[in-house]
Amino acid sequence: MPNDINTTLNQLRSRLSEACGDLWHDFVDPRDAYAGEDGEWWAPLVASGGGGQRVDTPLDEHGLARLRDECRRLAVHNEFAINGHENRVNYIVGAGHVYLATPRKGRHAPDALAGRVQAVLDEFQHENRWHSRQQEVVRRLDRDGEAFLRFFTAGGVTRVRVIEPDQVAAPERARHDPRARFGVVTEPGDVERVQGYYVDGRFVPGGEVQHRKANVDANVRRGLPLYAGVRSNLRRAERLLRNMSAVAEVQSAIALIRRHRTGTRTGVEQFADQAASSTRTDAGGRTERITQYGPGAILDAPAGLEYEFPATGIDASRFVAVLQAELRAIAARLVMPEFMFTSDASNGSYASTMVAEGPAVRMFERLQANLMQDDCEVMWRVIDNAARAGRLPRDVRQQIEIQITPPSLHVRDPLKEAQVNKIAHAAGVLSPQTWSQRLGLDYDQEQMNLKMHEHRGEQ
């Protein structure tokens, strides 16, 4: 009787185990649709706690810091990411933007005032190495998703320093203050009106800091790195290239493989000793046999010996196609032609890409416009600081305006462009100053150079 009970229990356990096993294999976690390939969960688009505030950044400061660190590693170690960053700097900043102080439209400001304002702007650019700092700002915007510039003034002279994104965070005492999330203190109910920032735990008024954000909406407190959405693609492309190179290196390093069909181990070793030209001992004490074959050498194989050449089986083109597909996906995120991102000119033409209606030109023009808007705000800070120190009139804003000229993005024919400028100048619609800006020249400096040239001719 007990044996029958045990048998019945074992059968029930077996059936229950089989049923549970089938259920387990068929189970689908509904959260799988929101999990990335790296095991990371997608962030919800609406913050918890009500209010309906959109958040396009990770839900906490630690998540944002991890994402930023990951993209920073790509910017240092991933060759494709580095190329993308450098090309964007090349086209957005280029040789540098030109800043010119001119009398405001409808105002009769004295020419001397425009010259004084221009001197202040030139001084600021020289003191802060502004061209290099422009490049750094664009690189930081792409790499970190944001750039913090802090302004210091002494005697009417403005200096700029950079605040690292990791320094901006809410201190423990303000951790639960909704106005100070991510270290950005805003007015209640209006995220876009910033009152200040917590930098290393200390409050810094918003008037001393310019915060440039990228890849997020205006009502999001912090920016997102450029490669946040394609960082997995960049890692896959890097690993794929590494694996391709490693396989090709191994296959090409092994010239041939001899197969001894009927030989014993002792016979194979004797054959290897006889065929070796020389021997050497490696660091581990193992003896290596070296056999040299001259160009066009003919190998005579004894009976039962076969030769294989593994290098002939290499077909790297299959992996190259996969690598190019990954790189195209990343280039699509950057709105850049593939050849700009990969440096492979075989799949594109610069002349056909950098035309007025091309997607890349439109994208770079948009980025240049954003950069000019932020830079114009910086230049007005510089002018206002000089005015408060008495170096410029208090009403300088009403009399002077700033013109910013970025480097041209279009494919240009210098001769045709010169003819167009000449016709526009003769028609009275193009000033010599603007003409000089288009040529990348300083109008005032060129006038001085012309006078010096004429003076030397008279001597």
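**Reading exposure, cores and a sheet**

Student: How does A329 count by relative accessibility, and why?

Tutor: A329 counts as partly exposed because its relative accessibility is 33%, and this class lies between the buried limit, under 20%, and the exposed limit, over 50%. The model is predicted.

Student: Where does A329 lie, and which residues is A329 in contact with beyond its neighbours within four places in sequence?

Tutor: A329 is part of helix 8. Leaving those neighbours aside, A329 is in contact with V230 and N233. V230 is 99 residues from A329 along the chain, yet their C-alpha atoms are separated by 7.9 Å.

Student: How should one read a nonpolar core, and which residues of the largest one touch the most other members?

Tutor: In soluble globular proteins, nonpolar side chains tend to be buried together. Here the largest nonpolar core has 39 residues, and Y227, L234, F341 and F364 touch the most other members. Several helices each supply at least two residues of this core, among them helix 2 (61-77), helix 6 (231-253) and helix 8 (317-334). Helix 11 gives the most, with 6 residues. A second, separate core of 29 residues includes W130 and V378.

Student: Which residues does F341 touch, not counting those up to four places away in sequence?

Tutor: The residues touched by F341 include F80, Y227, L234, L327 and M336.

Student: In what order do the strands of the open sheet stand?

Tutor: The order of its 3 strands is 3-2-7, with antiparallel pairing. Strand 3 (157-163) and strand 7 (209-213) are the edge strands, each pairing on one side only. From one strand to the next, the twist averages 25°. Strand 2 (residues 146-154) is joined to strand 3 by 7 bridges, and T153 stands opposite T158 in strand 3.

Definitions and conventions
Residues numbered from 1 in each chain as written. Predicted model: local features only at pLDDT ≥ 70, side-chain atom pairs only at ≥ 80, totals over all residues. Heavy atoms only, no water. Core = buried A, V, L, I, M, F, W, Y, C linked by side-chain atoms within 4.5 Å. Buried < 20%, exposed > 50% of the residue type's maximum accessible area, 1.4 Å probe, protein only. Contact = heavy atoms within 4.5 Å. Pairing = 2+ DSSP bridges. Axes fitted to C-alpha atoms, helices over the stretch in contact; angles between N-to-C directions.
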